[in-house]
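Visitor: Could you take me through one small part of this model up close? I'd like one spot to start from, and then whatever sits around it.

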Amino acid sequence: MSIASEFQNLKTNISSAYSSVESKGGTIPANKNTDNLSTAIESIPSGGGFNVLEYVTTPISFEVPFDDENVTLDFGNRDVSCTNMLWASSQPTMKNLSLVANKITNLQRVVMGKSILGTLTINADTSACSSYYSSFYGCTNLVNIFGTLNFSGLTDSVNLMFYACGKLINVTFAENTLNMDISFYNSPLLSNNSLISIANGLVAGNYTLTLHATSKVNCDTIMGYVDNTKGYDVFVADESGTVTLSEFITVTKG
């Protein structure tokens, strides 16, 4: 092979390598040479061989498996719909998932059926999220949902949102944003802080909060008082308080 041919093959291989980096969401430098290639490869986001930014305006399931236990889908400073994002794909080892974005506008069926998932971290503003339908349905090993679930932008349903989430302990709701029925019937392990956050997330009105029998008992033992300085009622835990969380849910929130 001539030197010219070898040089041309090298150029082709470098070009192909940068094309692969770009398709996987990596950062492409101005000078696409061998010196910058290793840095470009290191810039590929974790969580699979694809460009997550392709899904910002097209809510569609990822059809590739993730081989890691810890997966981060980083959309940067962008608004993204996560509808069905991981519902139809296979993640046999994914135990921890982080979603990073400016705003998440939809979480419908985002991790539905991901039975091995233990922790979901949402590092994004969810105040514009229009649907939580079946978001965590079938996540039987889900223990932690870190980040605040805000229902201010809700236009759809929260039906089956926590169906079969039997190990769920930690979840946080934005205060005074949920104005529809919601069920935690399958979740007996909710922490006291989670129960308080859920209660404070409810808008006062004729809505039904369904809790597991164990959680109902816990609500009878959590004492506190009602603070209305924010323009709506908030339960504040206090051992010397005179109001139970159960009373706050059934009477104050109505």
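Guide: Let's start with Gly166, which is partly exposed because its relative accessible area is 26%, between the 20% and 50% cut-offs. Keep in mind as we go that this is a predicted model. Gly166 sits in the loop between β5 and β6. Leaving aside residues up to four places away in sequence, Gly166 touches Thr140, Asn186, Pro188 and Leu189. Take Asn186 from that list: Gly166 and Asn186 are 20 residues apart in sequence, yet their C-alpha atoms are 5.4 Å apart in space.

Now for the aromatic rings. The count of aromatic pairs comes to eight. One of them is Phe136 with Phe162: the ring centres are 5.4 Å apart and the planes meet at 35°, so this pair counts as tilted. That label follows because stacked needs planes under 30 degrees apart and edge-to-face needs over 60. As for where the two rings come from, Phe136 is in the loop between β4 (119-125) and β5 (144-149), while Phe162 is in the loop between β5 and β6 (170-173), so the pair ties together parts that are 26 residues apart in sequence. Both Phe136 and Phe162 are buried.

Step along to Tyr137 and Tyr163 and you get another pair. Here the ring centres are 4.8 Å apart with planes at 25°, so Tyr137 and Tyr163 are stacked. Tyr137 belongs to the loop between β4 and β5, and Tyr163 to the loop between β5 and β6, so this pair too ties together parts 26 residues apart in sequence. On exposure, Tyr137 has 26% relative accessibility, so it counts as partly exposed. Tyr163 is partly exposed as well, with a relative accessible area of 40%.

Back to the phenylalanines for a moment: Phe136 and Phe162 are members of one aromatic cluster, which they form with Tyr132, Phe151, Phe173 and Phe184.

One more stop, further along the chain. There's an open sheet of three strands, in the order β10-β9-β11, with antiparallel pairing. Its edge strands are β10 (234-237) and β11 (243-244), each pairing on one side only. Strand β9 (residues 223-227) runs antiparallel to β11, and two bridges join them. If you want a residue to look for there, try Gly224, whose bridge partner in β11 is Val243.

Conventions
Residues numbered from 1 in each chain as written. Predicted model: local features only at pLDDT ≥ 70, side-chain atom pairs only at ≥ 80, totals over all residues. Heavy atoms only, no water. Phe/Tyr/Trp six-rings, centres within 6.5 Å; stacked < 30°, edge-to-face > 60°. Helix = DSSP H or I, 4+ residues; strand = E, 2+ residues; numbered from the N terminus. Buried < 20%, exposed > 50% of the residue type's maximum accessible area, 1.4 Å probe, protein only. Contact = heavy atoms within 4.5 Å. Pairing = 2+ DSSP bridges.
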